[in-house]
Amino acid sequence: MTTTPPPPPWALLAELTHACPLHCGYCSNPLELNRRSRELTAPEWADVFRQAAGLGVLQTHLSGGEPLLRQDLEDIVSAAEQADIYTQLVTSGSGLTGTRLAALARAGLRSVQLSVQHADAAASDRIAGAKAFAAKESAAALVREAGLPLGVNVVLHRHNLDAIDGLVELALRWKADRIELANTQFYGWGLLNREALMPARDQLARAAESVSRWRRELEGRLEIVWVAPDYFDGVAKPCMGGWGAVSLTVTPDGTALPCPAAATLPGLSPVNVRDHPLRWIWEESTAFTLYRGEEWMPSPCRGCERRTQDFGGCRCQAFALTGDATRTDPACSLSPDHAMLTALTRTPPGDLSDVIPRRPTAGPRATTAV
């Protein structure tokens, strides 16, 4: 029996390293991080980009960890450019100099997304677990001087949700084109620290009101993206446009996944780009076909009119909360497990001092800034 191949992906998340000079407790990277010695080389990434372009990929986020820790980052950017894939560097800004940015731009870097933890320097450094705010401010200025598009990315939680106004003003001051205000997704270290990071409902309400106000005021000047929290509104969020539908992730050691958090799921049997062609991985591997479409869906998803909009919600979240990746995402109010989220969101939020900080990978140069 022949099957129709899935539509091609258009985006690739290239996780170049798990090493990072920051120790953010909300980090969604897995608890078991890849060692530097297992990372794909620049020529191996070049092969991934060539295959990805042949598959239909148009853009890649060069991420980590901190991708600037890759001393061969310019070669990796150049390889993506040669494959005609648009590149965006996702960085903390640590280690970015004018010389390094100029070299990356010459290699073909198209845009930069800069993370920040808070509008106040001391609070930002406290959340990041490192004195990094000054480097971020410097990086923002360098990106604008280089004429590259600049986005600011903020992961929101209990300890910075009340700073929405300051964060938008910071983005304006840094002359950003876009700010993404993304409420914490509780995977990896974020799940481990959920109690300390969980916001209060009144915080979220105030933050959402601030976002609406700023969007009206700054329409046409600054793009403001608000990624709503999964736990609070009773609506399951679409899983990356559907499982294995629009994007794929390649981890530092070459493991290919439908999304960054999927490494935790049992029965996925993910394979490595060192061992299998990317097209076969996308079209035929278990990791990408297991939850694609609707056949896997349980009740009430199978008969729900929203199944073509939310695709049953997030498989990784369903597993994290229930231990069963096939269950309806508890974020949905129709899920038989939704009550557990109601209980979680009523738990008094913890203190930042309770956060277990994400640590960098072991091995050579794990925390050495470039």
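**Exercise 1.** With the side chain of which residue does the side chain of aspartate 253 make a polar contact, and is aspartate 253 buried or exposed?

*Solution.* The model is predicted, and the residue is first placed in the fold: aspartate 253 belongs to the loop between β8 (247–250) and β9. Next comes its accessibility: because the relative accessibility of aspartate 253 is 9% and buried means under 20%, the residue counts as buried. Finally, the partner of its side chain in the polar contact is the side chain of arginine 38, at 2.9 Å.

**Exercise 2.** Determine the strand order of the sheet and its edge strands, and then describe how β5 is joined to β6.

*Solution.* The open sheet consists of 9 strands, ordered β7-β6-β5-β4-β3-β2-β1-β8-β9, with mixed pairing. Its edges are β7 (223–227) and β9 (256–257), each of which pairs on one side only. Within this order, β5 (residues 150–156) and β6 (residues 178–183) run parallel and are joined by 6 bridges; asparagine 153, for example, has glutamate 180 in β6 as its bridge partner.

**Exercise 3.** Describe how α6 is placed against the strands and against α9.

*Solution.* Helix α6 lies across β5, β6 and β7, and runs at about 150 degrees to β6. Against helix α9 (residues 201–217), helix α6 (residues 164–173) packs at an angle of about 35 degrees, the axes being 9 Å apart. In this contact, α6 contributes Ile164, Asp165, Val168, Glu169 and Leu172, while α9 contributes Ala207, Ser210, Val211, Arg213 and Trp214. Sorted by character, the contact residues comprise 6 nonpolar, 1 polar and 3 charged.

Technical notes
Residues are numbered from 1 along each chain as its sequence is written. This is a predicted model: local features need pLDDT of at least 70, side-chain atom pairs count only at pLDDT 80 or more; totals for chains, interfaces and linings use all residues. Side-chain values use heavy atoms; hydrogens and water are left out. Axes are lines fitted to C-alpha atoms, for helices over the stretch in contact, and angles run from 0 to 180 degrees between N-to-C directions. Helices (H or I, at least four residues) and strands (E, at least two) are DSSP runs, numbered from the N terminus. Contact means heavy atoms within 4.5 Å. Ala, Val, Leu, Ile, Met, Phe, Trp, Tyr, Cys and Pro count as nonpolar, Asp, Glu, Lys and Arg as charged, and the others, Gly among them, as polar. Two strands pair if DSSP finds at least two bridges between them. Buried means under 20% relative accessible area, exposed over 50%, partly exposed in between (1.4 Å probe, protein chains only). A polar contact is a pair of N or O atoms within 3.5 Å; within protein, one must be able to donate a hydrogen and the other to accept it, and residues adjacent in sequence count only if both atoms are side-chain atoms.
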